Amino acid sequence: MSALRERSAHSQLAPGEQLLAYGSVVPAKSAKGVGIGAAVASGLVNSVGAQAGGAGSIAAGMPRTSGALLLRVTDQRVGLVRPLDGTPVWEVPRAWVTRVERRPRTQLMARFRLHYADGSWLAFLTMRRRTIEQFRSLIG
């Protein structure tokens, strides 16, 4: 499966564009809880602390998604692609992403925010804390 994810992360890069990092993430606003209290937990994850920024902000431009995606960082852009075929879901120029903020772990998955140049942000979940650290070392 990791070879498939790697192929997907490299998919549809522009000529000369270099892939710097990728990792499996779940956008917090589309995360689903499992088990007892899942509906309540999903409701909280989906609405509280999943996104900041009004209509027209960079963060508001991300479409509704479901399930895990690959977050990839290249020398030119940061975006989400589908893990099976590399189809881009949403991408922004690299300069629009200002920093990565690690958040307290509230579930089994590690949580982080991508902050954008207009002050908006999106929250993501990932299974590996080192994924966050890798993005942080590249973006800031």
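**Pockets, a cavity and a buried arginine in a predicted model**

The residues lining the second largest pocket divide into 3 nonpolar, 5 polar and 3 charged. The pocket belongs to a predicted model. Its volume is about 220 Å³. The lining draws on several stretches of the sequence. R5 is one of the lining residues, as are Y22, G23 and S24. L70 also takes part. The remaining contributors are T126, M127, R128, R130, T131 and Q134. Two secondary-structure elements, β1 (19–27) and α3 (129–139), each supply at least two residues of this lining.

The enclosed space is described next. The structure holds 1 cavity of 30 Å³ or more. The largest cavity has a volume of about 30 Å³. The class make-up of its lining is 8 nonpolar residues, 1 polar residue and no charged residues. Lining residues include the aromatic side chains of W90, Y116 and F124. L71, V78, L80, V92 and L114 line the cavity as well. G79 completes the list; glycine is classed as polar here. Three strands, β4 (77–81), β5 (88–93) and β7 (110–116), each provide at least two lining residues. Of the elements involved, β4 gives the most, with 3 residues.

R72 is a charged residue by class, and its setting was examined separately. R72 lies in strand β3, which spans residues 69–74. Its relative accessibility is 1%, so R72 counts as buried, the cut-off being under 20%. Two polar partners were found for the R72 side chain. One is a backbone atom: the oxygen of A9 lies 2.7 Å from a polar atom of the R72 side chain. The other is a side chain: R72 and E91 are joined by a polar contact of 2.8 Å. A9 falls within α1 (2–10), and E91 falls within β5 (88–93). The buried arginine in β3 thus has polar partners in a helix and in another strand.

A14 shows a different setting. This residue is found in the loop between α1 and β1. A14 is partly exposed, because its relative accessible area is 30%, between the limits of 20% and 50%. Residues up to four places away in sequence aside, A14 touches Q76 and R77. A14 and Q76 are 62 residues apart in sequence. Their C-alpha atoms are 9.1 Å apart in space. R77 belongs to β4 (77–81), the strand that gives the most to the cavity lining.

The overall fold frames these local features. The protein chain has 3 helices and 8 strands. Along the sequence, these elements follow the pattern α-β-α-β-β-β-β-β-β-β-α. The chain has 140 residues, of which 42% count as buried. Among contacts between residues at least 6 apart in sequence, 57% join residues at least 24 apart. The A14 and Q76 pair, at 62 residues apart, is one case of such a separation.

Confidence varies along the chain. The average pLDDT is 82, and 80% of the residues score at least 70. Residues 32–48 stay under 50. For this stretch, the model has 15 contacts beyond four places in sequence. Where pLDDT is low, predicted coordinates should not be read in detail.

Notes
Residues are numbered from 1 along each chain as its sequence is written. Side-chain values use heavy atoms; hydrogens and water are left out. On a 1 Å grid over the protein atoms alone, a cavity is a set of points where a 1.4 Å probe fits but cannot get out, and a pocket is an open set with protein on both sides within 12 Å along at least five of seven lines; lining residues have an atom within 4 Å of a point. Grid points are joined across faces, edges and corners, and a volume is the space filled by probe spheres set on the points. Helices (H or I, at least four residues) and strands (E, at least two) are DSSP runs, numbered from the N terminus. Buried means under 20% relative accessible area, exposed over 50%, partly exposed in between (1.4 Å probe, protein chains only). A polar contact is a pair of N or O atoms within 3.5 Å; within protein, one must be able to donate a hydrogen and the other to accept it, and residues adjacent in sequence count only if both atoms are side-chain atoms. pLDDT is the predictor's confidence in each residue, from 0 to 100. Contact means heavy atoms within 4.5 Å.
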